[in-house]
Amino acid sequence: MATHTTRMLIIGSGPAGYSAAVYGARAGMQPIVVQGLQPGGQLTITTDVENYPGFADVIQGPWLMEQMQKQAEHVGTRMMWDTIVEVDLENGSPFRAVGDSGDEYVGDVLVIATGAQAKWLGVPGEQELGGKGVSACATCDGFFYRGKKVAVIGGGNTAVEEALYLTNHSDDVTLIHRRDELRSEKILQDRLHASDKITPLWNKAVESFEAGEDGKLHHLNLVDTVTGEKSTLEVDGAFVAIGHAPSTELFKGKLEMDDGGYLVTEPGTPKTAIPGVFAAGDVMDHTYRQAVTAAGTGCMAALDAERFLATLEYAAKEAEAAE
């Protein structure tokens, strides 16, 4: 067991954590990134990426995360292969965290970039066909289904927003919901019902995702939640849209969260209610959830962290001069 000290401690990797590390290292804060269970975050399970700025050709999610990690290391970031299991925020800066390894991490500022995970149905074929017709992000993958038949599973804001977005690419969108009415906001429901490209399929649940001979998604096996009747729906793409779960268990009772479990920050900033603690990426963003926005908030967290430390150092010098 060892103690690792730094001016900037970053919990979690992915675009937010790595971007914070790049900016933090360039500012001389010698950041430590504790990478967690899934180094690189959700992009490591994403294949084709076409919407990250700067790349004319399709790139691979794992490759992009590998490049971000290398860039962060190149400018002076230390990467730690550990998972934080305990944090102490009560006493203010410096903040302390304990890893699963037993090592302790101490940082003058703390950036939380633990991300979020899409909620899945947990039915056969769902994970096996990930990237082969099954997705949890229409904004990320809808482009690949131009002119094809697609389905969205869910009934809340996320599902309706995904269905509406997909009408930019497809004239044949089916919204599958296990009830006979939506849970989304009325304005979204009105937009959905006004669209001639979206067909709601009520009282239906997906029992499994089935592949065709080419190994890609071919159809969904459905069951009627009222009658129990079985049916199938042939689709080229299916989007599971039943929400996301932010990875914030570690901070329950320690930082303010909204009803969805996302960390609450000062509007327009990554600042939490505790001075010196910042949240970046999907752990605090339930609206956009894109790699580029996560990277942007990681940059913001590092810049605000640098200013926070400068203020602390100035106050310490003033106090010393007054003695």
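# A guided tour from L220 outward

Start by selecting L220, which lies in strand β15. You are looking at a predicted model, so please keep that in mind at each stop.

**Stop 1: L220 and its surroundings**

Is L220 buried or exposed? With a relative accessible area of 0%, L220 is buried, because anything under 20% counts as such. Show its contacts next. Leaving out residues up to four places away in sequence, L220 touches A151, I176, V206, S208, F209, S231, T232, L233, V235 and A238. For a sense of scale, draw a line from the C-alpha of L220 to that of H74: the two are 46 Å apart in space and 146 residues apart in sequence.

**Stop 2: the antiparallel sheet**

Now widen the selection to the sheet that holds β15. Three strands make up this open sheet, in the order β14-β15-β16, and their pairing is antiparallel. Which strands stand at the edges? They are β14 (204-211) and β16 (230-234); each has a single partner strand, so one side of each has no neighbour in the sheet. From one strand to the next, the twist averages 30°.

Zoom in on β14 and β15 (residues 217-224), which run antiparallel and are joined by 7 bridges. To see one of the pairs, pick S208 and look across to its bridge partner in β15, N221.

Stay here for a salt bridge. Select K230 and E207, whose closest N and O atoms are 2.8 Å apart. This pair connects distant parts of the chain, with K230 in strand β16 and E207 in strand β14, 23 residues apart. K230 is exposed, at a relative accessible area of 53%, while E207 counts as partly exposed at 34%.

**Stop 3: the parallel sheet**

Next, select the strands of another open sheet. Here 5 strands follow the order β10-β17-β11-β12-β13, and the pairing is parallel. Its edge strands are β10 (134-135) and β13 (198-201), each of which pairs on one side only. Add helix α4 (residues 157-166), which packs on the sheet and touches β11 (149-153), β12, β13 and β17 (237-240). If you compare directions, α4 makes about 165° with β11.

Then follow β12 (residues 172-176) to β13: the two run parallel, with 4 bridges between them. One residue to pick is V173, whose bridge partner in β13 is I198.

**Stop 4: a pair within one helix**

Move to helix α5 (residues 186-194) and show K186 and D190. These residues form a salt bridge, with their closest N and O atoms 3.0 Å apart. Where do the two sit relative to each other along the helix? They are 4 residues apart in α5, which means about one helical turn separates them. An α-helix has 3.6 residues a turn, so residues three or four places apart point the same way. As for accessibility, K186 is exposed at 60%, and D190 counts as partly exposed at 40%.

**Stop 5: helix α6**

Select helix α6 (residues 291-322). Its 32 residues reach 47 Å from first C-alpha to last, close to the 46 Å expected at 1.5 Å a residue. Colour its buried residues: A294, A295, T297, G298, C299, A301, A302, D304, A305, F308 and L309. What covers them? The cover includes β1 (3-11), α1 (14-26), β8 (104-112) and β19 (277-279).

Along the same helix, find E313 and its salt-bridge partner R7, at 2.5 Å from N to O. The pair ties together distant parts of the chain, since R7 is in strand β1 and E313 in helix α6, 306 residues apart. Both ends are partly exposed, R7 at 26% and E313 at 38%. Over the whole structure, a search finds 10 salt bridges.

**Stop 6: S13**

Finish at S13, in the loop between β1 and α1. This serine is buried, with a relative accessible area of 8%. Which backbone atoms does its side chain reach? One is the oxygen of Q35, at 3.3 Å, and another is the nitrogen of G40, at 2.9 Å. Show the contacts of S13 as well: leaving aside neighbours within four places in sequence, they are Y18, V33, Q35, Q38, P39, G40, G41 and A113.

Conventions. Residues numbered from 1 in each chain as written. Predicted model: local features only at pLDDT ≥ 70, side-chain atom pairs only at ≥ 80, totals over all residues. Heavy atoms only, no water. Expected span 1.5 Å × (residues − 1). Buried < 20%, exposed > 50% of the residue type's maximum accessible area, 1.4 Å probe, protein only. Contact = heavy atoms within 4.5 Å. Pairing = 2+ DSSP bridges. Axes fitted to C-alpha atoms, helices over the stretch in contact; angles between N-to-C directions. Polar contact = N/O pair within 3.5 Å; in protein donor to acceptor, adjacent residues only side chain to side chain. Salt bridge = Lys/Arg side-chain N within 4 Å of Asp/Glu carboxyl O.
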